[in-house]
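Trainee: I'm new to this one, so could we take a close look at a single part?

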Amino acid sequence: MKTWQLLLFCPKSGLALCACEAQELLALSERGGGSTVVDLGKRKAGVKVEGDTLWIDSFPLRTDKLRSVVQEEDSVIFFEHGEVGFKVAFYRGGRYYKLKCVGKGIAPTLEISGIHMHNIVETDPWNDAKRKVELVCPRKGDHVLDVCTGLGYTAIHSVKRGAEVVSIEKDQWVLEIAEFNPWSRELSSPRVTLLLGDAFEVVEGLPEGFFDAAVHDPPRLSLAGELYSLEFYTKLRRALRKGARLFHYTGWPGKHRGVNIQAGIAKRLRASGFRVLKVLKGYGILAEAV
């Protein structure tokens, strides 16, 4: 039985702004124009002023719309042509999804019912994803398995290194949020194959020994315990060639209770056919398929 759906990622056309960018655009309107960074820091744009309208490259936006964005603090406001602006956030299935600004010029995080889906302590989501990819060292032409797509930062960094990526995401609403995120647009690369399905089931159907590297970045243990199980690690090992590297993000649940979950994860990885190369305390485990 088919357990996944092949998706075509379709980034939305428009302009994404956070409060600090809106504030800078308003300052430029008072100076008569110039240039600044927009799209959550993703690109630089020229700004021209015509009355109460700013032309951001070829995109028109009235100053009253920008003033409303300034009041939104950590939200992302997306404008489509015609100046229809809306917050990139919604309720689906009893959960609240939000694209959240975490700083000027920084890739945003995804928040689900108040829980951040990325590292934002002493790092940022974009560079944290880059670190995870660098740990498995994919080369040009390698096949990388990305378990839990999220906003796609891990997949995109793998593609930047020349890899071909298969990325698995269970939650369709996460991918809908990503379509409005300028930092996620490269998920539309032909080198990314995006599968919608439960990774616990999808990985089992992948070709044996096909992948040269994998990044496993699951939700926290309390939310997705099956993705930390011996059964899942065995399925994951089957999909990797001998010598392939795996980075498994673990975080540090149980830190304040003195519980070492990484020890149990390392034990299960070894039992499923991996050699543990390095345990990064409170962060993750680097392993190799044997």
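Trainee: Which residues does lysine 98 touch, not counting residues up to four places away in sequence?

Mentor: Quick groundwork before we zoom in. This is a predicted model, where local features need pLDDT of at least 70, side-chain atom pairs count only at pLDDT 80 or more, and totals for chains, interfaces and linings use all residues. Residues are numbered from 1 along each chain as its sequence is written, and side-chain values use heavy atoms, with hydrogens and water left out.

Now to your residue. Leaving aside residues up to four places away in sequence, lysine 98 touches Asp74, Ser75, Val88, Ala89, Thr109, Leu110, Glu111 and Ile177; contact here means heavy atoms within 4.5 Å. Look for lysine 98 in strand β10, which covers residues 95–100. Strands are DSSP runs of E with at least two residues, while helices are runs of H or I with at least four, and both are numbered from the N terminus.

Buried or exposed? Lysine 98 is buried, at a relative accessible area of 9%. The scale goes like this: buried is under 20% relative accessible area, exposed is over 50%, and partly exposed sits in between, using a 1.4 Å probe and protein chains only.

Go back to Asp74 on that contact list. The side chains of lysine 98 and aspartate 74 make a polar contact at 2.8 Å. That term means a pair of N or O atoms within 3.5 Å; within protein, one must be able to donate a hydrogen and the other to accept it, and residues adjacent in sequence count only if both atoms are side-chain atoms.

For a side trip, try leucine 40, in the loop between β3 (33–38) and β4 (43–50). Leucine 40 is buried too, with a relative accessible area of 4%, and has a phi near 60°, a positive value in a residue other than glycine.
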